[in-house]
Amino acid sequence: MVPEKKSGDNQVSRRSFLRNGALAAAGFMIVPRHVLGRGYTAPSDRLRVAGVGVGGKGFSDLTGFAEGPADIAFLCDVDTRRAADAVKRFPKAKFYTDFREMFEKEHKNFDAVSVSTPDHQHAVAAMGAMQLNKHVYVQKPLTHDIYEARMLTQGAKRHKVVSQMGNQGASGDGVRQLMEWYNAGIIGDVHTVYCWTDRPVWPQGIPWPTGKTEVPKELNWDLWLGTAPKKDYVDNLVPFNWRGWWDYGTGAIGDMGCHIIEPPFRVLGLGYPTSVECSVGSVYVGEFTRGYFPESCPPSSHVIMKFPGKNGKEVTLHWMDGGIQPERPEELGPNEVMGDGGNGAIFIGTKGKMMCGTYGKDPKLLPTSRMEKVKVPQTIARVPEGHYVQWVNAAIAGYDSKLNKTISSPFDIAGPLTETILMANLAIRSFDIRKPKASGKGYDYPGRYIKLLWDGANMKITNFDEANQFVKRTYRDGWSLGV
């Protein structure tokens with residue numbers, strides 16, 4: 001049975017576990033195999049992983065690591081119901097409810113940390129692990145805020161840890177095939193990209209529930225809230241629908257953008273966008289009365305971002321969610337599926353077009369008849385071991401290893417990609433900024449129907465300062481990134 005944490009155990013000194021971690025790092029030594037004897041597996045040959053958030057996707061992540069030379073040493077989850085499968089699958093792993101306590105007490109006994117919590121807890125758990133010099137694997141999106149993504153990107157380099165974001169398509173063959181076509185000049189210079197998803201598949205554009213509900217005994221609600229503002233527990237938030245609330249999730253683009261925007265981001269070598277604008281779907285609560293639910297992500301959106309392209313040429317990227325899709329390319333047959341149906345990306349170049357589904361899967365040149373005629377040599381190495389084992393092997397080899405130099409989604413790639421995705425949310429959230437009219441009747445919405453100009457290096461909107469409140473949020477007392 002999974003032990004339940006007592007509420008009095010929640011407050012663990014961050015300073016204490018960081019201090020102890022530094023002492024542990026100073027005294028750690030890898031024992032050579034020949035000292036231990038024939039047949040003994042040296043500590044350096046296997047990766048000891050601690051999981052933070054081990055239900056759902058977290059459980060499948062741990063299972064993926066275990067397919068390689070990794071031992072799941074510790075499990076941590078605030079909800080013992082969600083943790084049950086992981087506890088059963090990894091019976092030797094010690095269980096904790098508070099990752100801070102696990103870090104303080106067990107830092108000598110694990111080498112790496114997997115983070116698969118709700119979005120609002122990614123950064124604090126990952127940064128805490130890196131500050132203990134632990135390698136990190138973090139589910140997508142890397143963080144909840146742009147500032148957090150920048151800090152994790154810098155932190156991975158500063159602490160010299162092997163990092164990987166959980167966008168598995170980054171290790172797939174599809175994105176590599178797209179890169180080879182593009183690098184060979186098959187579709188010329190890409191100037192426009194369309195990305196779309198049928199998400200959200202959870203409620204959005206709704207008011208926060210009213211009334212107070214009893215917290216399930218298996219859930220430590222205070223720890224689940226973590227960095228987010230203190231609120232009473234409500235039904236239908238845990239374990240999945242938190243994605244539609246800004247305090248915890250990052251909406252449809254946060255869920256799927258790292259899978260769908262990653263191919264064009266990598267193929268075209270995109271960096272920070274220079275501008276972003278959006279339109280969003282609305283819920284009407286009466287005749288000509290638009291609902292105002294700023295705590296909830298909208299039911300649909302269309303975001304347009306501009307990027308500096310190659311040779312000074314601009315690239316325009318469209319993001320569409322809530323089932324909105326771009327116009328079908330003329331080169332695509334009437335009965336051919338666009339993307340993978342509900343999701344996909346289309347690249348429009350000066351000499352042709354190409355498309356793919358989620359994760360960059362099933363890449364195609366358009367018209368698809370070109371697939372039989374166009375052949376380019378393979379120039380980019382594939383990842384036969386897969387996304388999870390790739391990280392395990394690189395972590396064992398170390399930060400300065402050749403394996404780490406070829407890892408698919410390290411934070412220096414995943415961080416800027418996540419910042420791009422969160423730039424879209426910055427525009428979407430700015431849509432709901434409102435101010436009382438001078439007349440005292442009604443509101444003005446100064447963030448609507450404008451283009452936001454972005455200074456990526458300084459993480460700042462330069463023409464609408466109110467939008468910058470969404471670059472970095474304020475954590476609840478007791479929580480900090482420690483930077």
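**Two sheets and a pocket**

Let's start with one pair of residues: Tyr194 stands opposite Ile346 in β13. Keep in mind that this is a predicted model.

Where does that pair sit? Strand β7 covers residues 190-196, and strand β13 covers residues 344-349. The two run antiparallel, and six bridges join them.

Now widen the view. β7 and β13 belong to an open sheet of nine strands. Read the order with me: β15-β14-β13-β7-β12-β11-β8-β18-β19. The pairing in this sheet is mixed.

Which strands stand at the edges? They are β15, residues 364-366, and β19, residues 460-461. Each has a single partner strand, so one side of each is left without a neighbour in the sheet.

Next, the helices on this sheet. α10 lies across β7, β12 and β13. Against β12, which spans 314-321, α10 runs at about 130°. Then there is helix α15, residues 411-430. Helix α15 lies across β8, β11, β18 and β19. Its angle to β11 is about 130°.

On to the other sheet. This one is open too, with six strands. The order is β3-β2-β1-β4-β5-β6, and the pairing is parallel. At the edges are β3, residues 94-96, and β6, residues 163-166, and each of them pairs on one side only. From one strand to the next, the twist averages 25°.

Take one pairing here as an example. Strand β1, residues 47-52, and strand β2, residues 70-76, pair in the parallel sense over six bridges. Within that pairing, Leu47 stands opposite Ala70 in β2.

Remember α15? We met it lying across β8, β11, β18 and β19. α15 also lies across β5 and β6 of the six-stranded sheet. There it runs at about 40° to β6.

Last topic: the largest pocket. How much space lies in it? About 690 Å³. The pocket is lined by 38 residues. Closest to its centre are Gly55, Ser116, Thr117, Pro118 and Trp242. Find those five on the structure.

Which elements give two or more residues to the lining? They are α3 (57-66), α6 (122-130), α9 (221-225) and α10 (251-260). α10 gives the most, with three residues. That is the helix we saw lying across β7, β12 and β13.

And what is the lining made of? It divides into 16 nonpolar residues, twelve polar and ten charged.

To finish, go back to Tyr194 and look across to Ile346 in β13. Then follow α10 from β7, β12 and β13 to the pocket lining, where α10 gives three residues.

Definitions and conventions:
Residues numbered from 1 in each chain as written. Predicted model: local features only at pLDDT ≥ 70, side-chain atom pairs only at ≥ 80, totals over all residues. Heavy atoms only, no water. 1 Å grid on protein atoms, 1.4 Å probe; cavity = no way out; pocket = protein on both sides within 12 Å on 5 of 7 lines; lining within 4 Å. Points joined across faces, edges and corners; volume = space filled by probe spheres on them. Helix = DSSP H or I, 4+ residues; strand = E, 2+ residues; numbered from the N terminus. Nonpolar A, V, L, I, M, F, W, Y, C, P; charged D, E, K, R; others polar. Pairing = 2+ DSSP bridges. Contact = heavy atoms within 4.5 Å. Axes fitted to C-alpha atoms, helices over the stretch in contact; angles between N-to-C directions.
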